[in-house]
Amino acid sequence: MEYFSAGSGLVLWSSLLFLAGCGTVLALRFSKKKDYAGQAIVPTAMIALSLLLWAITFSFPSEEAGPAVVPRLWIFWSVLLAGILLLFCFTGRTDKDPGSGRLGFLLTGVILTIGYFFSIEILGYFISSFLFLALLMYLLSYRKPLVVFLVCSGWVLFSYIIFYKLLYIQLPLGFIENFMYQ
Amino acid sequence: MDLAESFTIGFSVILGWKPIVIIIVGVIIGILAGAMPGLSPSTAVALLVPFSYTMSPALALILLTSIYIASNYGGSITAVLINTPGTPSAAVTAFDGYPLTQQGKAGKGLGTALVASTIGGAIGVAILILFAVPLARIALKFSPADYFALALFGLATVASMSRGNVLKSMIAILFGLIIKTIGIDPISGVSRFTFDNDLLYDGFTLIPALIGLFAVSVVFEKFESWTGAGRVLDKIDNKLPSLAEFMKIKYTILRSSIIGTIIGIFPGAGATIAAFISYDMSKRASSEPEKFGHGSLEGVAAAESANSSSVGGALVPLLALGIPGSATDAVLLGAFMLHDLVPGPMLFQNNPEIVYGIFSALIVANIVMLIIGLYGNRLFIKVVTVPEAVMFPLILVIAIIGSFAVNGSMFDVGACIGFGMIGWLFKRYGFPVAPIVLGIVLGKMVEENFRRAVMMDGYGTFYRDKLAFIVLLVALFSFVWPLYKSWRHHRKTRGDSTKSETT
């Protein structure tokens with residue numbers, strides 16, 4: 001297993017695990033037990049993650065009560081219990097998948113949050129937060145421009161006074177910082 | 001040091017305008033957070049941990065414990081008024097609280113909930129002081145093997161007592177334990193699972209992970225089920241219960257407070273189980289059981305005194321042994337760590353001002369909660385009606401700034417969002433997130449003590465050490481018994497469904 005614990009072996013091992021994981025969930029999705037395909041995501045991911053980390057433990061020094069012992073203990077139980085749950089998914093002995101809610105709406109919200117994360121470095125914390133709050137409230141169908149403006153500017157002011165001035169947290173300033181030091 | 005001397009130190013910490021203002025602010029935030037459906041006490045405490053970052057450890061923990069105790073009462077406000085429990089444990093309060101509102105007696109429901117919460121909270125704190133101090137003294141003699149066994153027992157009870165699928169709870173705990181192994185090994189100094197990324201050398205920072213799992217995942221859940229419906233609140237009356245009505249329920253409050261505290265002591269049991277059991281026992285003991293579910297003051301008092309007193313109970317294992325008794329305690333443990341404090345017996349010796357400061361603050365917070373609750377309920381109700389379309393974006397920006405504030409690192413912000421997505425995925429498919437947090441916070445204690453015990457005395461230490469052996473057996477039973485029960489339940493339900501299909 002040492003070959004898979006680092007370098008190209010690890011890349012190969014993780015690719016195999018990823019493909020096997022996707023294959024397992026897809027196999028369930030297109031079988032008679034398709035109502036359990038979602039339930040299989042977490043146990044499959046747990047098994048894949050555990051096996052990936054298990055391979056890496058072979059690069060640790062082997063000694064009694066060494067650094068590999070406890071991770072391997074958790075990995076063993078994790079593969080065993082997630083394996084049982086996965087088996088239950090294939091035999092239909094666990095809960096069925098919940099009804100799909102507004103996944104598109106959720107995805108938009110998540111993308112907006114990730115976009116906010118990246119924009120903090122570029123636009124700075126204060127401008128990004130103002131825009132993020134306004135956009136998210138708009139997305140959530142809140143249509144009172146004055147309240148939106150007051151909430152956004154109120155938060156920016158609050159975070160500036162409390163975090164930036166009082167707690168001395170160096171919030172990213174983005175391009176404003178470049179202007180400041182030009 | 002005797003108890004009186006210790007309390008002198010404790011009260012000296014909270015005397016002064018700054019601690020008192022912090023307690024008042026903590027109680028107000030706790031009530032508001034508890035009242036907002038979707039924000040649990042653990043979410044509220046997790047969101048506020050970064051704000052306590054620059055405070056002294058004593059003041060930070062006073063703020064967080066005040067929020068904790070008040071949020072349990074806050075949950076009853078919306079439960080009584082709009083049948084929407086602000087916290088899971090307040091669901092039991094709604095059984096009788098909301099019928100009281102429908103009968104035009106909302107003031108009586110809120111008043112009973114407030115007084116029962118205050119008395120329950122005070123009894124919980126009293127039992128906390130009585131139990132935690134001697135337990136901490138005994139714990140000083142524990143060996144690494146004992147600590148390993150106790151931490152494992154804590155994890156086992158959490159898994160077994162969690163609602164729903166036991167297997168899923170255990171998988172969630174293991175996920176937390178595995179996450180905790182990322183970073184530099186505390187004993188050998190070997191870098192584990194870091195992929196040569198120096199940002200991972202210290203592992204994932206606890207606070208961003210907590211905020212992601214508890215707060216961000218809630219917002220993502222709300223996105224998925226978003227309907228855009230606003231909150232509706234009718235006009236309410238404000239008439240409190242009479243003294244005679246309070247006297248009628250005094251034994252219910254006393255009994256439920258004791259039950260709530262004892263249940264709270266067991267890791268994983270928590271406020272919700274305490275409220276359900278106390279409600280059931282009060283109904284059995286009541287001279288008017290038929291009124292339960294139709295607006296009984298006894299029902300409201302039983303639920304509220306039990307869930308508030310469970311706070312004191314849950315703090316016993318946290319302060320005395322360093323084992324969190326509930327999800328909120330796990331977050332509090334993170335706050336202790338943020339301030340370089342390790343809960344457990346040594347905390348009583350090295351930092352008595354922190355421990356007795358917390359005890360004293362909890363006593364004062366209860367009194368403050370009573371006063372603020374009596375005069376502020378009408379105002380809180382207005383604040384709680386803030387539209388969700390405004391509240392959820394605000395929760396996200398607080399989560400982001402809170403994660404950044406811990407280390408000034410954007411990596412932590414990314415981790416917070418990542419854990420938010422993991423939390424959403426877990427919850428969507430019925431995996432509870434609280435065990436993940438417990439796995440993360442107890443992981444280090446379990447691993448370090450396990451390896452120290454083996455290094456000192458070999459693997460045989462776990463059966464040679466009597467306490468460790470007994471606790472490990474109990475922990476094993478706690479793991480296996482619920483799995484067996486769940487398996488039998490599945491078999492029975494499958495048998496029943498096969499029979500009904502045949503007929």
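pLDDT is the predictor's confidence in each residue, on a scale from 0 to 100. That score matters here, for this is a predicted model. Chain B has a mean pLDDT of 83, and 90% of its residues reach 70 or more. For chain A the mean is 89, and 97% of its residues reach 70 or more. For the complex, the predictor gives an ipTM of 0.94 and a pTM of 0.82.

Start with chain A. Its secondary structure consists of 7 helices and 0 strands. Along the sequence, the pattern reads α-α-α-α-α-α-α. The radius of gyration of chain A is 24 Å, while the globule rule gives 16 Å for 182 residues, so the chain is more spread out than a compact globule. Its C-alpha atoms fill a box of roughly 55 × 45 × 25 Å along the principal axes. Of the 182 residues in chain A, 33% are buried. Now look at contacts in chain A with a separation of 6 or more. Residues 24 or more positions apart account for 62% of them.

Confidence varies along chain A. Among its elements, helix 7 (residues 175-180) of chain A has the lowest mean pLDDT, 69, and helix 2 of chain A has the highest, 95.

Helix 2 of chain A deserves a closer look. It runs over residues 41-57, which makes 17 residues. How far apart should its end C-alpha atoms be? At 1.5 Å a residue, the expected span is 24 Å, and the ends are 24 Å apart, so the two agree. Helix 2 of chain A is also mostly covered, with 12 of its 17 residues buried. Among them are Val42(A), Pro43(A) and Thr44(A) towards the start of the list, and Trp54(A), Ala55(A), Ile56(A) and Thr57(A) towards its end. Met46(A), Ile47(A), Ala48(A), Leu49(A) and Ser50(A) are buried too.

What covers these buried residues? Part of the cover comes from chain A itself, including helix 1 (7-29) and helix 3 (69-91). Chain B also takes part, through helix 8 (166-180) and helix 18 (410-428) of chain B.

Turn to helix 1 of chain A. It has 23 residues and reaches 33 Å from its first C-alpha to its last, close to the 33 Å expected at 1.5 Å a residue. Its buried residues are Trp13(A), Leu17(A), Gly21(A), Thr24(A) and Leu28(A). They pack against helix 2 and helix 3 of chain A.

One residue shows how helix 1 and helix 2 of chain A meet. Gly21(A) is found in helix 1 of chain A. Why does Gly21(A) count as buried? It has 20 C-beta neighbours inside 10 Å, and a residue is buried if that number is 20 or more. Leaving aside neighbours within four places in sequence, Gly21(A) is in contact with Thr44(A), Ala45(A) and Ala48(A). Gly21(A) and Ala48(A) are 27 residues apart along the chain, yet their C-alpha atoms are separated by 6.6 Å.

Finally, see where the two chains touch. Here 50 residues of chain B are in contact with 56 residues of chain A. On the chain B side, the elements that give two or more residues are helix 8, helix 9 (206-224), helix 17 (388-407), helix 18 and helix 19 (434-457) of chain B. Helix 17 of chain B gives the most, with 10 residues. By class, the side of chain B that touches chain A has 35 nonpolar, 9 polar and 6 charged residues.

Technical notes
Residues numbered from 1 in each chain as written. Chains lettered and ligands numbered in written order. Predicted model: local features only at pLDDT ≥ 70, side-chain atom pairs only at ≥ 80, totals over all residues. Helix = DSSP H or I, 4+ residues; strand = E, 2+ residues; numbered from the N terminus. Expected span 1.5 Å × (residues − 1). Contact = placed C-beta atoms within 7 Å. Nonpolar A, V, L, I, M, F, W, Y, C, P; charged D, E, K, R; others polar. Rg over C-alpha atoms; globule rule 2.2 N^0.38 Å.
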